[in-house]
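Trainee: Got a minute to go through this one with me? I have the sequence and the model open.
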Amino acid sequence: MALSASSPSSSFLRGSFSSHELKAPWIHSVRLLDQRSVPRDSYCRKFIVKPISAEQKRSDSVVPLAATLVAPEVEDRIETEDYEKLAKEMEQASPLEIMDKALEKFGNDIAIAFSGAEDVALIEYAKLTGRPFRVFSLDTGRLNPETYQFFDTIEKHYGIQIEYMFPDAVEVQALVRSKGLFSFYEDGHQECCRVRKVRPLRRALKGLRAWITGQRKDQSPGTRAEIPVVQVDPSFEGMDGGVGSLTKWNPVANVEGRDIWNFLRAMNVPVNSLHSQGYISIGCEPCTRSVLPGQHEREGRWWWEDSKAKECGLHKGNIKQEEVAQLNGNGNGAEPTNESATVTDIFNSQNLVTLSRSGIENLARLENRREPWLVVLYAPWCRFCQAMEESYVELAEKLAGSGVKVGKFRADGEQKAYAKQELQLGSFPTILFFPRHVASPIKYPSENRDVDSLMAFINALQ
Ligand code: SF4
């Protein structure tokens, strides 16, 4: 889908906008839209709904804004819109038309989620509708300096005040004090993202009835290939609470990255200076890096993790259920759903001993063991456990008959509290060595779970 302002066939221009008209005053844009499709009663929307940016002075307290928004000034109507039908109807609509529809429907109860990257296109589209609009952003505390500068530039360029959402200080403190500043490199990014992004987002969305995202199908083949232009949010609740209380609009779902850039260039929109350093997708500084020409943009995010499941939790609904269960596999997240709890067991080998709760309790209690044991505490749905399955089974085969026993103990579900308290379980998988003459098990300290590394660990302790 071309977005070039010079191309008469572009979807953007299908709505009868020329580049000259796009730069026309906002009210002109509104009039154009009214001629085509906007109901008459929304014509005066800008006089009914005031944007937050217009109401707030920078010196006012804005802390409660996005979390506990004032009552909407739009008419209080309860709708039972069929969003699947609407998404099909709008599948061919231009981003501008979708944006206009979203702002028209939700007025002050909708806001654009702005990440500080090329989703600035959403703000430009919102401006072009001529309607008032709100923008919020998640300040995780770990963004690049360039992104903070970009936020400031955007506020000034559009004359708006971005509603920043911050993580809970107590939660961040607990995370950093217990696990350090870079725990995401060791046990996955979900826990940190949950504290710094997902919970602040949840608070922001509780003050809204709808939100607008810059998700595109081409951003992540693994998780975003099927996103519709509008949907009932599958993961979060809006201000009315409950399933279905929040609508999610994805106006650029069908637009390709290069067309977004054509649009930004054509409209002379300011962009994050990190883009000129090779960054495409931009998130937190420690978890984002530039990509090489030809690399997929999501390869620059959480590059140490599985490329198919790169969501930080903001768009978790994109991930299929079984993948969610695996993403929770860092041991710090929510337990898997009932369905995922029935996943096939792993580490199945005749050389491996499956320990029951009483079995591992006995092993831990012994002060003089006849033979040393290596035991993995695991959850079958955990992708880190799955990733080490092959090497662990191979290790068990190598150690068969050597005098070192190799075992496994499933430590999720109701065993998790015990394993955390008595067996040093921090995250899955945890590998313990029970020496022959020492009562306490020794925890394997490394993330390297290949056969040679594990064998070196055993040899060092035997
Ligand atoms: Fe933490 Fe990285 Fe997620 Fe940012 S992207 S919240 S630093 S894990």
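Mentor: We can take the ligand site, then the strands. Keep in mind that this is a predicted model.

Trainee: Fine. Which residues surround the ligand?
Mentor: The ligand has F184, H189, C192, C193, R196, K197, C284, C287 and W302 around it.

Trainee: What classes are those residues in the shell?
Mentor: Six are nonpolar, one is polar and two are charged.

Trainee: Which helix gives the largest share of the shell?
Mentor: Helix 12, residues 190-205, with four residues.

Trainee: And which cavity does the ligand sit in?
Mentor: The ligand is in the second largest cavity.

Trainee: I also marked G188. Where is G188 found?
Mentor: G188 is in the loop that links helix 11 (184-187) to helix 12.

Trainee: Is G188 buried or exposed?
Mentor: Buried. The relative accessible area of G188 is 3%, and the cut-off for buried is under 20%.

Trainee: How far apart are G188 and W302?
Mentor: In sequence they are 114 residues apart, and in space 8.6 Å, taken C-alpha to C-alpha. W302 is one of the residues around the ligand.

Trainee: Changing topic to the strands. What is the strand order in the open sheet of five strands?
Mentor: The order is 7-9-8-10-11, and the pairing is mixed. Strand 7 (353-354) and strand 11 (442-443) are at the edges; each has a single partner strand, so one side of each has no neighbour in the sheet.

Trainee: What about strand 8, how many of its six residues are buried?
Mentor: Six of the six residues of strand 8 (residues 373-378) are buried, so the rest of the structure largely encloses this strand.

Trainee: Which residues are on each side of strand 8?
Mentor: W373, V375 and L377 are on one side, and L374, V376 and Y378 are on the other. Both faces are covered.

Trainee: Do strand 8 and strand 9 run parallel or antiparallel?
Mentor: Parallel. Strand 9 covers residues 405-410, and six bridges join it to strand 8. Going from strand 8 to strand 9, the chain passes through helix 17 (residues 383-399), and this β-α-β crossover is right-handed.

Trainee: Which residues in strand 9 are the bridge partners of L377 and L374?
Mentor: L377 has F409 as its bridge partner, and L374 has V406.

Trainee: And in what sense do strand 8 and strand 10 pair?
Mentor: In the antiparallel sense, over five bridges, with strand 10 at residues 430-434. W373 is opposite F434 in strand 10, and V375 has L432 as its bridge partner there.

Trainee: Back to the edge. Which strand does T354 lie in?
Mentor: T354 is part of strand 7. Strand 7 runs parallel to strand 9, and two bridges join them.

Trainee: Which residue in strand 9 does T354 stand opposite?
Mentor: K408. T354 and K408 are 54 residues apart in sequence but 5.2 Å apart in space, C-alpha to C-alpha.

Trainee: Buried or exposed, that T354?
Mentor: Exposed, with a relative accessible area of 55%. The cut-off for exposed is over 50%.

Trainee: One more topic, strand 2. Which residues are on its two sides?
Mentor: Strand 2 is residues 135-138, with V135 and S137 on one side and F136 and L138 on the other. These residues are all buried, and both faces of the strand are covered.

Trainee: How many bridges are there between strand 1 and strand 2?
Mentor: Two, in the parallel sense, with strand 1 at residues 110-113. A113 is opposite F136. The chain goes from strand 1 through helix 8 (residues 120-129) to strand 2 in a right-handed β-α-β crossover.

Trainee: What about strand 2 and strand 3, how many bridges there?
Mentor: Three, with the strands paired in the parallel sense and strand 3 at residues 163-165. S137 has Y164 in strand 3 as its bridge partner. From strand 2 the chain passes through helix 9 (residues 145-158) to strand 3, and this β-α-β crossover is right-handed.

Technical notes:
Residues numbered from 1 in each chain as written. Predicted model: local features only at pLDDT ≥ 70, side-chain atom pairs only at ≥ 80, totals over all residues. Heavy atoms only, no water. Near = heavy atom within 4 Å. 1 Å grid on protein atoms, 1.4 Å probe; cavity = no way out; pocket = protein on both sides within 12 Å on 5 of 7 lines; lining within 4 Å. Sits in = over half its atoms within 2 Å of the grid points. Nonpolar A, V, L, I, M, F, W, Y, C, P; charged D, E, K, R; others polar. Buried < 20%, exposed > 50% of the residue type's maximum accessible area, 1.4 Å probe, protein only. Pairing = 2+ DSSP bridges. Right-handed = clockwise from strand over helix to strand, strands pointing away.
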